[in-house]
Amino acid sequence: MSDKHYSFFGAVEKSFDKAARFTKWEGGILDQIKACNAVYQMRFPIKRDDGNVEVIEAYRVQHSQHKTPCKGGIRFAAEVNQDEVMALAALMTYKCAIVNVPFGGGKGGIKINPRKYSAYELEKITRRYTAELIKKNFIGPGTDVPAPDYGTGEREMAWILDTYSAMHPGEIDAAGCVTGKPVSQGGVRGRREATGLGVFFGLREVCNMPDIMKRFNLTTGVEGKRIVVQGLGNVGYHSAKFFQDAGAIIVALAEYEGSITNPDGLDVDEVFNHRKNTGSILNFPKGTNLAKNTDALELECDILIPAALENVIDGENAPRVKAKLIGEAANGPLTPEADEIFARRGIIVVPDMYLNAGGVTVSYFEWLKNLSHVRYGRMEKRFNENMNTHILGQIEGLTGKKVIEKEREYILHGADEVDLVYSGLEETMITATHEIMNEWKNNPEIPDMRTAAYVVAINKVGTSYAELGIFP
Ligand code: NAD
């Protein structure tokens with residue numbers, strides 16, 4: 001469902017220009033912030049399992065090196081093209097700036113439908129792609145660090161690490177060349193669910209703002225909110241799950257083969273398992289099929305979370321969307337036309353470039369773990385538990401009262417890696433939400449939250465360039 005001649009990078013530039021006039025930076029600096037610094041387009045052959053040779057088209061884009069390394073996922077999708085990878089790389093620059101992750105933006109893409117390749121073929125493609133990146137110095141812990149995105153996950157990241165390590169024997173920080181790895185390969189606990197958890201933390205913070213909720217006649221907090229999620233992949237599944245666990249009602253879920261609804265709520269795990277067992281989200285026993293997979297986007301709900309791909313809501317279907325808040329879990333799910341329609345209708349769009357920053361934030365934690373060569377919590381967990389035991393013993397001794405068992409466990413517990421990762425992510429998303437909202441509230445001329453987010457990002461990247469001394 002795409003607007004004619006739609007350019008994703010063009011849409012990012014349009015949003016950038018809309019925001020730039022609210023910043024202090026002059027034209028040249030703005031041009032440099034906006035420009036894609038390096039685009040690497042490659043083609044390489046692989047031999048398919050049937051013996052045929054196929055030429056694969058792939059990309060890596062480094063949008064900005066105002067901080068290094070560059071950072072951004074690698075996607076496997078049939079629609080990958082240069083414009084898309086450039087747009088996603090640019091979003092990464094702004095995303096990292098907003099959440100104070102000291103990286104420049106990058107992105108990679110391989111133009112394949114992963115469902116049409118065997119695991120062995122995918123491994124060959126991933127390893128060859130990594131080798132091509134190494135040849136041109138487009139990967140490394142200090143230059144450019146990929147991560148998972150649409151169609152890729154821990155398995156592909158492990159192949160990338162293995163290829164990189166094999167070609168850099170003895171490089172002590174090699175594990176930092178890619179993030180989103182399995183924990184056994186230097187990954188960090190909590191990375192898998194990080195983007196969905198970040199989406200939840202960001203939207204929860206907006207739901208906790210009384211003035212915003214009052215605007216929509218909603219109570220504050222997440223509990224009881226009616227949610228629709230599109231895409232039951234890594235980001236969509238975890239977003240839906242965290243909302244359900246917090247007491248929200250998942251009224252509809254959409255996948256590419258169709259969508260289902262239940263006004264009393266769908267159980268995310270039950271739907272996930274149903275899809276795993278039957279190969280489809282449809283015909284879920286405790287739900288009703290909708291005629292088209294896009295129908296879910298137009299259902300009555302409080303929060304709509306598109307978590308599949310870009311460009312799914314445009315000028316054509318935006319007028320029919322009934323949500324009060326839209327949480328952009330996917331990158332670029334709305335076209336600029338849709339954005340304008342929602343701004344006119346008073347619908348708040350919580351923008352992709354910060355809402356789905358949970359992945360890169362926890363990737364940053366993973367990269368730091370790789371460079372420090374020590375698991376989070378290893379040094380202090382036991383010390384804190386011993387200290388907490390001592391303090392509690394003193395309190396109980398002095399008061400003559402015993403703390404109940406559940407509280408005791410909670411107080412004594414020293415932080416594990418996953419606790420620290422969740423806590424670091426929560427702090428990051430709460431801070432970013434307030435920074436953007438304050439920018440929006442302090443300047444009534446800023447038309448929407450996306451523009452406010454861009455203003456925050458442009459100011460940070462602009463300051464960074466200025467302080468680098470490039471612009472005397
Ligand atoms: P994924 O491959 O794990 O899941 C995507 C899901 O969307 C799949 O289940 C797919 O079947 C489904 N889908 C595809 N087309 C659909 C359609 N038309 N309608 C409904 N469902 C459809 O990918 P992901 O990692 O969850 O990424 C999803 C989005 O989130 C992408 O835009 C990606 O760029 C963005 N994102 C991902 C991460 C991350 O950490 N994985 C981080 C930031 C942003």
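This passage describes the cores, some helix packing and two loop residues of a predicted model.

The largest nonpolar core of the model holds 98 residues, and the residues with the most contacts inside this core are Ile98, Phe243 and Tyr354. Helix H3, which spans residues 82-98, supplies the largest share of the core, with 12 residues. A separate core of 27 residues lies apart from this one, and its members include Ile74, Ile125, Tyr129 and Leu133. Returning to Ile98, its contacts beyond four places in sequence are with Met353, Tyr354, Ala432, Glu435, Ile436, Ala453, Val456, Ala457 and Lys460. One of these partners, Tyr354, is itself listed with Ile98 among the residues with the most contacts in the largest core.

Helix H3 also takes part in two of the helix pairs considered here, with H16 and with H1. Against helix H16 (residues 449-468), H3 packs at an angle of about 85 degrees, and the two axes are 8 Å apart. The two helices are therefore roughly perpendicular to each other. On the H3 side, the residues that meet H16 are Leu91, Thr93, Tyr94, Ala97 and Ile98. Their counterparts in H16 are Ala453, Tyr454, Val456, Ala457, Lys460 and Val461. Sorted by class, this contact has 9 nonpolar residues, 1 polar and 1 charged. Ile98 thus appears in the pairing with H16 as well as in the list for the largest core.

The axes of H1 and H3 come within 7 Å and cross at roughly 35 degrees. From H1, the residues involved are Phe8, Phe9, Gly10, Val12 and Phe16. H3 brings Asp83, Glu84, Met86, Ala87, Leu88, Ala90, Leu91 and Tyr94 to the same contact. The class count is 10 nonpolar, 1 polar and 2 charged residues. Leu91 and Tyr94 of H3 are found in this contact with H1 and also in the contact with H16.

Helix H1 (residues 8-20) has a further partner in helix H2 (residues 27-34), with an angle of about 150 degrees and axes 11 Å apart. H1 and H2 are therefore roughly antiparallel to each other, and the crossing of H1 past H2 is right-handed. Phe9, Glu13, Phe16, Asp17 and Ala20 form the H1 side of the contact, while Leu30, Ile33 and Lys34 form the H2 side. By class, 5 of the residues are nonpolar and 3 are charged, with no polar residues. Phe9 and Phe16 of H1 take part here and in the contact with H3.

The loop between helix H9 (268-278) and strand E9 (288-289) holds Ile281, and Asn283 also sits between H9 and E9. Are these two residues buried or exposed? Ile281 is buried because its relative accessible area is 0%, under the 20% limit. Asn283 counts as exposed because its relative accessibility is 58%, over the 50% limit. Beyond four places in sequence, Ile281 is in contact with Leu253, Ala254, Glu255, Glu257, Gly258, Ser259, Ile260, Val271, His274 and Arg275. Of these, Gly258 is 23 residues away in sequence and 6.7 Å away in space, C-alpha to C-alpha. For Asn283, the contacts counted in this way are with His274 and Asn289. His274 is thus a partner of Ile281 and of Asn283. Asn283 and Thr152 are 131 residues apart in sequence, with 27 Å between their C-alpha atoms.

Definitions and conventions: Residues are numbered from 1 along each chain as its sequence is written. This is a predicted model: local features need pLDDT of at least 70, side-chain atom pairs count only at pLDDT 80 or more; totals for chains, interfaces and linings use all residues. Side-chain values use heavy atoms; hydrogens and water are left out. A nonpolar core is a set of buried Ala, Val, Leu, Ile, Met, Phe, Trp, Tyr and Cys residues joined through side-chain atoms within 4.5 Å. Buried means under 20% relative accessible area, exposed over 50%, partly exposed in between (1.4 Å probe, protein chains only). Helices (H or I, at least four residues) and strands (E, at least two) are DSSP runs, numbered from the N terminus. Contact means heavy atoms within 4.5 Å. Axes are lines fitted to C-alpha atoms, for helices over the stretch in contact, and angles run from 0 to 180 degrees between N-to-C directions. Angles under 35 degrees count as roughly parallel, over 145 as roughly antiparallel, 65 to 115 as roughly perpendicular and the rest as oblique. A crossing is left-handed if the near helix is turned anticlockwise from the far one by less than a right angle, and right-handed if clockwise. Ala, Val, Leu, Ile, Met, Phe, Trp, Tyr, Cys and Pro count as nonpolar, Asp, Glu, Lys and Arg as charged, and the others, Gly among them, as polar.
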